[in-house]
Amino acid sequence: MRRALGAALSWDDIDFDVIHGPVVDPMINVAMDETLVEDVAAGRRKPFMRLWEWNGPQVVIGSFQSYQNEIQQDGVERYGITVSRRVTGGGAMFMEPGNCITYSLVIPTALVEGMSFEQAYPYLDQWVMEVLDKLGIKATYVPLNDIASEYGKIGGAAQKRWANGYMVHHVTMAYDIDAIKMNEVLRIGMEKIRDKGTRSAVKRVDPMRSQTGMAREEILQAFFDHFKEKYNATVGTITEADLEVARKRCETKFAREEWVHRIP
């Protein structure tokens, strides 16, 4: 029906790549959520699903959040945390190497043509729910953009749509979590400092490791294989040239004080 009414696409209309990594400095992944979308829009790269890897602890805050409302600066300094601001909305994510599973999906916005945001989120993550079910992880999609079990939140999604006809949809899910450290870095449940800035919802987290004995690497491989098979995707790569573009974007935008600390 969507296709009959307009320019909507289906999954089968899209030629995908599926990418894992590479391991990069924490802020590079955030920058690539912008630079690689530009490449796809320009026809230099196919739409893709990319599993993140990173080499240091980080907090990624949403585009519309206040740094002061989300971050405890003394905790950031104590643990050597990189704080970055992504282009999408949503809440703050505490992400240590090995403790999270994060992916970015870059697609034509025509794939969700005619859908509300509430419909688009679970539609784009249906393949993930299938993987979790295969792995024995009991999860449901909770509107607007949370993946949760009966014991708490497993992960959350966020999106940004550009005027060039493409969008990024990404999800971070907790595999394991250092709750003590997270509570010393994020201002979870603490009094808001600024009137502006969307606050992260205070929700109990239920890491995937609590439901499965699988290693993170096994879960990542299951994600990779399922997406590849379901959408007949080709294995793609991130080149050194791609990384250099992302590094320069960090210098001009993502690592700059005015971006990380901007008041939405």
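This report walks through the fold of one predicted chain, from its overall dimensions to a few local backbone details.

The model is predicted, so a few ground rules help: local features need pLDDT of at least 70, side-chain atom pairs count only at pLDDT 80 or more, and totals for chains, interfaces and linings use all residues. Residues are numbered from 1 along each chain as its sequence is written, and side-chain values use heavy atoms, with hydrogens and water left out.

## The chain as a whole

Let us start with the overall picture. The chain has ten helices and eleven strands; helices (H or I, at least four residues) and strands (E, at least two) are DSSP runs, numbered from the N terminus. Its C-alpha trace spans about 50 × 40 × 35 Å along the principal axes. For 264 residues, a compact globule would have a radius of gyration near 18 Å, and the chain agrees, with 18 Å. That radius is taken over C-alpha atoms, and the globule rule is 2.2 Å times the number of residues to the power 0.38.

Buried residues make up 53% of the 264 residues. Here buried means under 20% relative accessible area, exposed over 50%, and partly exposed in between, using a 1.4 Å probe and protein chains only. Among contacts (heavy atoms within 4.5 Å) with a separation of 6 or more, 77% are between residues 24 or more positions apart.

## The sheet

Now to the strands. Eight of them form an open sheet with mixed pairing, in the order β7-β8-β9-β10-β6-β2-β1-β11. β7 and β11 stand at the edges with a single partner strand each, so one side of each is left without a neighbour in the sheet. Two strands pair if DSSP finds at least two bridges between them. Strands of a sheet pair through backbone hydrogen bonds, either parallel or antiparallel, and this sheet offers an example of each kind, set out below.

| Strand | Partner | Direction | Bridges | One facing pair |
|---|---|---|---|---|
| β1 (residues 17–24) | β2 (residues 48–54) | parallel | six | V23 and E53 |
| β6 (residues 100–108) | β10 (residues 166–174) | antiparallel | nine | L105 and H169 |

Strand β2 deserves a second look, since seven of its seven residues are buried. Both of its faces are covered: F48, R50, W52 and W54 are buried on one side, and M49, L51 and E53 on the other. E53, the residue opposite V23 of β1, thus belongs to the same face as M49 and L51.

## Helix α6

Helix α6 (residues 126–134) has W127, V128, M129, V131 and L132 as its buried residues. The helix is followed by G136, which has a positive phi, near 80°.

## Backbone details worth finding

Two peptide bonds are good to look up in the viewer. The bond from G21 to P22 is cis, with omega near 5°, and P22 is found in strand β1. The bond from P143 to L144 is also cis, with omega near 5°; L144 lies in the loop between β7 (140–142) and β8 (146–149).

Finally, N232 has a positive phi of about 50° although it is not a glycine. N232 sits in the loop between α8 (216–230) and β11 (234–235), and it counts as exposed because its relative accessibility is 66%.
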